[in-house]
Amino acid sequence: MAETGYTQMVKAYNDDPFTGHLSTPISDSGFTRALINNLPIYRKGLSPLARGLEVGLAHGYFLIGPEVVLGPGRDFSADPYLSALLTAVVIVVIGTIGLNAHGLVSLKSATECEPGTDAMQTSEGWSLFASGFFLGGAGSAFMAYFLLEKFSTIDAIFRGFVN
(Lines give C-alpha, C1' and ligand atoms only; values in the text may rest on other atoms or scores of the structure.)
Protein backbone atom coordinates (compact mmCIF):
# COMPACT_ATOMS: atom_id res chain seq x y z
CA MET A 1 0.00 0.00 0.00
CA ALA A 2 1.45 3.35 -1.01
CA GLU A 3 1.89 6.08 1.59
CA THR A 4 -0.02 9.27 1.08
CA GLY A 5 1.12 12.73 2.06
CA TYR A 6 -0.93 12.60 5.26
CA THR A 7 0.92 9.66 6.75
CA GLN A 8 4.23 11.38 6.13
CA MET A 9 3.12 14.54 7.93
CA VAL A 10 1.42 12.84 10.87
CA LYS A 11 3.30 9.96 12.41
CA ALA A 12 3.97 8.40 15.77
CA TYR A 13 6.20 10.45 18.06
CA ASN A 14 9.83 9.23 17.73
CA ASP A 15 8.46 6.51 15.41
CA ASP A 16 7.14 4.62 18.44
CA PRO A 17 3.42 3.85 18.00
CA PHE A 18 3.10 2.85 21.66
CA THR A 19 3.75 6.31 23.12
CA GLY A 20 0.20 7.47 22.50
CA HIS A 21 1.33 10.76 20.99
CA LEU A 22 1.29 11.90 17.38
CA SER A 23 4.00 14.03 15.89
CA THR A 24 2.42 16.65 13.64
CA PRO A 25 3.90 19.76 12.04
CA ILE A 26 2.15 21.81 14.74
CA SER A 27 2.78 19.74 17.86
CA ASP A 28 6.38 18.83 17.05
CA SER A 29 7.73 22.08 15.61
CA GLY A 30 10.55 24.16 17.02
CA PHE A 31 8.21 27.12 17.42
CA THR A 32 5.81 25.08 19.57
CA ARG A 33 8.65 23.76 21.73
CA ALA A 34 10.05 27.28 22.21
CA LEU A 35 6.59 28.63 23.09
CA ILE A 36 5.89 25.92 25.65
CA ASN A 37 9.38 26.12 27.16
CA ASN A 38 8.88 29.86 27.68
CA LEU A 39 5.75 29.37 29.80
CA PRO A 40 6.43 30.16 33.46
CA ILE A 41 5.75 26.63 34.67
CA TYR A 42 8.58 25.27 32.45
CA ARG A 43 10.95 28.25 32.41
CA LYS A 44 14.32 27.53 33.97
CA GLY A 45 15.62 29.61 36.85
CA LEU A 46 12.31 30.69 38.40
CA SER A 47 11.42 29.92 41.99
CA PRO A 48 8.06 28.20 42.60
CA LEU A 49 6.70 31.41 44.15
CA ALA A 50 7.66 33.46 41.08
CA ARG A 51 6.13 30.84 38.78
CA GLY A 52 2.87 30.89 40.70
CA LEU A 53 2.86 34.68 40.82
CA GLU A 54 3.23 34.93 37.04
CA VAL A 55 0.56 32.31 36.34
CA GLY A 56 -1.79 33.92 38.87
CA LEU A 57 -1.29 37.39 37.40
CA ALA A 58 -2.39 36.18 33.99
CA HIS A 59 -5.40 34.26 35.25
CA GLY A 60 -6.75 36.77 37.76
CA TYR A 61 -6.55 39.70 35.38
CA PHE A 62 -8.54 38.00 32.64
CA LEU A 63 -11.27 36.60 34.91
CA ILE A 64 -12.87 40.01 35.45
CA GLY A 65 -13.85 40.71 31.83
CA PRO A 66 -16.11 37.72 31.18
CA GLU A 67 -17.77 38.23 34.55
CA VAL A 68 -18.57 41.87 33.78
CA VAL A 69 -20.06 40.99 30.40
CA LEU A 70 -21.65 37.60 31.05
CA GLY A 71 -21.78 37.15 34.83
CA PRO A 72 -24.89 37.18 36.99
CA GLY A 73 -24.05 40.60 38.46
CA ARG A 74 -23.87 42.42 35.11
CA ASP A 75 -27.23 44.10 35.74
CA PHE A 76 -26.38 45.08 39.31
CA SER A 77 -26.95 48.83 39.10
CA ALA A 78 -24.80 49.83 42.09
CA ASP A 79 -21.50 48.33 40.95
CA PRO A 80 -21.32 45.56 38.32
CA TYR A 81 -17.51 45.52 38.59
CA LEU A 82 -17.64 44.65 42.29
CA SER A 83 -19.64 41.52 41.54
CA ALA A 84 -17.08 40.54 38.90
CA LEU A 85 -14.23 41.16 41.35
CA LEU A 86 -15.80 38.97 44.02
CA THR A 87 -16.45 36.18 41.52
CA ALA A 88 -12.89 36.36 40.19
CA VAL A 89 -11.39 36.24 43.68
CA VAL A 90 -13.57 33.25 44.57
CA ILE A 91 -12.43 31.46 41.39
CA VAL A 92 -8.80 32.19 42.31
CA VAL A 93 -9.38 30.86 45.85
CA ILE A 94 -10.96 27.68 44.47
CA GLY A 95 -8.02 27.27 42.09
CA THR A 96 -5.58 27.76 44.97
CA ILE A 97 -7.36 25.12 47.04
CA GLY A 98 -7.19 22.74 44.08
CA LEU A 99 -3.48 23.43 43.56
CA ASN A 100 -2.75 22.84 47.24
CA ALA A 101 -4.76 19.61 47.26
CA HIS A 102 -2.91 18.36 44.19
CA GLY A 103 0.46 19.08 45.78
CA LEU A 104 -0.45 17.39 49.04
CA VAL A 105 -1.81 14.17 47.58
CA SER A 106 0.44 13.58 44.59
CA LEU A 107 3.88 14.92 45.52
CA LYS A 108 6.36 13.86 48.19
CA SER A 109 7.84 16.26 50.71
CA ALA A 110 11.35 17.60 50.15
CA THR A 111 12.76 15.38 52.91
CA GLU A 112 11.49 12.26 51.13
CA CYS A 113 12.88 13.26 47.71
CA GLU A 114 16.42 12.83 46.46
CA PRO A 115 18.77 15.79 46.88
CA GLY A 116 18.75 18.04 43.83
CA THR A 117 15.08 17.39 42.99
CA ASP A 118 13.36 20.30 41.30
CA ALA A 119 11.36 22.30 43.86
CA MET A 120 8.22 22.02 41.73
CA GLN A 121 8.35 18.25 42.21
CA THR A 122 7.97 18.54 45.99
CA SER A 123 4.86 19.31 48.04
CA GLU A 124 6.59 22.33 49.64
CA GLY A 125 7.50 23.79 46.25
CA TRP A 126 4.01 23.17 44.98
CA SER A 127 2.61 24.92 48.06
CA LEU A 128 4.79 27.95 47.26
CA PHE A 129 3.52 27.82 43.68
CA ALA A 130 -0.09 27.82 44.94
CA SER A 131 0.66 30.73 47.29
CA GLY A 132 2.13 32.72 44.42
CA PHE A 133 -0.89 31.84 42.30
CA PHE A 134 -3.22 33.23 44.97
CA LEU A 135 -1.23 36.44 45.43
CA GLY A 136 -0.93 37.03 41.69
CA GLY A 137 -4.52 36.09 40.91
CA ALA A 138 -6.11 38.18 43.64
CA GLY A 139 -3.77 41.12 43.03
CA SER A 140 -4.38 41.21 39.29
CA ALA A 141 -8.15 40.84 39.81
CA PHE A 142 -8.04 43.91 42.07
CA MET A 143 -5.94 45.73 39.47
CA ALA A 144 -8.43 44.92 36.71
CA TYR A 145 -11.27 46.07 39.00
CA PHE A 146 -9.47 49.35 39.67
CA LEU A 147 -8.83 49.94 35.96
CA LEU A 148 -12.46 49.26 35.08
CA GLU A 149 -13.79 51.37 37.94
CA LYS A 150 -11.57 54.34 37.08
CA PHE A 151 -11.68 53.91 33.30
CA SER A 152 -13.21 57.33 32.59
CA THR A 153 -10.50 59.09 34.63
CA ILE A 154 -7.70 57.09 33.01
CA ASP A 155 -9.21 57.70 29.58
CA ALA A 156 -9.35 61.46 30.26
CA ILE A 157 -5.70 61.46 31.32
CA PHE A 158 -4.58 59.69 28.15
CA ARG A 159 -6.82 61.83 25.93
CA GLY A 160 -5.07 64.87 27.36
CA PHE A 161 -1.69 63.43 26.40
CA VAL A 162 -2.78 62.57 22.86
CA ASN A 163 -4.85 65.63 21.98
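A biologist asks and a modeller answers, working through a predicted model.

Biologist: Which residues does UniProt assign to the feature "domain: Photosystem I PsaL reaction centre subunit XI"?
Modeller: The feature comes from an unreviewed UniProt entry. In the model, its span is 61% helix and 3% strand. Its end C-alpha atoms lie 52 Å apart. The entry places the feature at residues 9-152.

Biologist: How far apart are the centres of domain 1 and domain 2?
Modeller: The chain is divided into domain 1, residues 1-38, and domain 2, residues 47-159. The centres are taken over C-alpha atoms. They are separated by 34 Å.

Biologist: Which residues carry the UniProt annotation "transmembrane region"?
Modeller: This annotation also comes from an unreviewed entry. One stretch, residues 81-105, is 100% helix in the model, with end C-alpha atoms 36 Å apart. Another, residues 125-148, is 100% helix too, and its ends are 34 Å apart. The annotation covers residues 81-105 and 125-148.

Biologist: What should helix α4 span at 1.5 Å a residue?
Modeller: Helix α4 runs over residues 80-106 and has 27 residues. The expected span is 1.5 Å times one less than the number of residues. The end C-alpha atoms in the model agree with that expectation. The value is 39 Å.

Biologist: Which residues of α4 are buried?
Modeller: Buried means under 20% relative accessible area. What covers these residues includes helix α3 and helix α5, residues 123-149. The buried residues are Ala84, Leu85, Ala88, Val92, Thr96, Leu99 and Gly103.

Biologist: Which residues does Ser123 touch, not counting those up to four places away in sequence?
Modeller: Ser123 lies in helix α5. At 15% relative accessibility, Ser123 counts as buried. A contact needs heavy atoms within 4.5 Å. By that test, Ser123 touches Gly103, Leu107, Lys108 and Ser109.

Biologist: How many salt bridges does the structure hold?
Modeller: One of them joins the side chains of Arg33 and Asp28, at 2.5 Å from N to O. Arg33 is partly exposed at 43% relative accessibility. Asp28 is partly exposed as well, at 26%. The count for the structure is 3.

Biologist: Where does Arg43, the salt-bridge partner of Glu54, sit?
Modeller: The closest N and O atoms of Glu54 and Arg43 are 3.1 Å apart. The pair links distant parts of the chain, 11 residues apart, with Glu54 in helix α3, residues 48-70. Glu54 is partly exposed at 32% relative accessibility, and Arg43 is partly exposed at 23%. Arg43 sits in the loop between α2 and α3.

Biologist: Why are Arg159 and Asp155 separated by about one helical turn?
Modeller: Their side chains meet in a salt bridge, 3.0 Å from N to O. Arg159 is exposed at 52% relative accessible area, whereas Asp155 is partly exposed at 27%. An α-helix has 3.6 residues a turn, so residues three or four places apart point the same way. Arg159 and Asp155 are about one turn apart because they are 4 residues apart in helix α6.

Biologist: How many aromatic pairs does a search of the whole structure find, and what kind is the pair of Tyr61 and Phe62?
Modeller: The search finds 2 aromatic pairs. For Tyr61 and Phe62, the ring centres are 5.2 Å apart and the planes meet at 85°. Planes over 60 degrees apart count as edge-to-face. The pair of Tyr61 and Phe62 is therefore edge-to-face.

Biologist: Is Phe62 buried or exposed?
Modeller: Its ring partner, Tyr61, is partly exposed at 33% relative accessibility. Phe62 has a relative accessibility of 60%. The cut-off for exposed is over 50%. Phe62 therefore counts as exposed.

Biologist: What kind of pair do Trp126 and Phe129 form?
Modeller: These two are 3 residues apart in helix α5, about one helical turn. Both are buried, Trp126 at 14% relative accessibility and Phe129 at 5%. The ring centres lie 5.0 Å apart. The planes are at 35°, so the pair is tilted.

Conventions: Residues are numbered from 1 along each chain as its sequence is written. This is a predicted model: local features need pLDDT of at least 70, side-chain atom pairs count only at pLDDT 80 or more; totals for chains, interfaces and linings use all residues. Side-chain values use heavy atoms; hydrogens and water are left out. UniProt positions are given in the numbering used here, feature names are shortened, and annotations may be inferred rather than shown by experiment. A salt bridge is a side-chain nitrogen of Lys or Arg within 4 Å of a carboxyl oxygen of Asp or Glu. Buried means under 20% relative accessible area, exposed over 50%, partly exposed in between (1.4 Å probe, protein chains only). Rings of Phe, Tyr and Trp (its six-membered ring) pair if their centres lie within 6.5 Å; planes under 30 degrees apart count as stacked, over 60 as edge-to-face and the rest as tilted. Domain bounds come from an automatic or database domain assignment.
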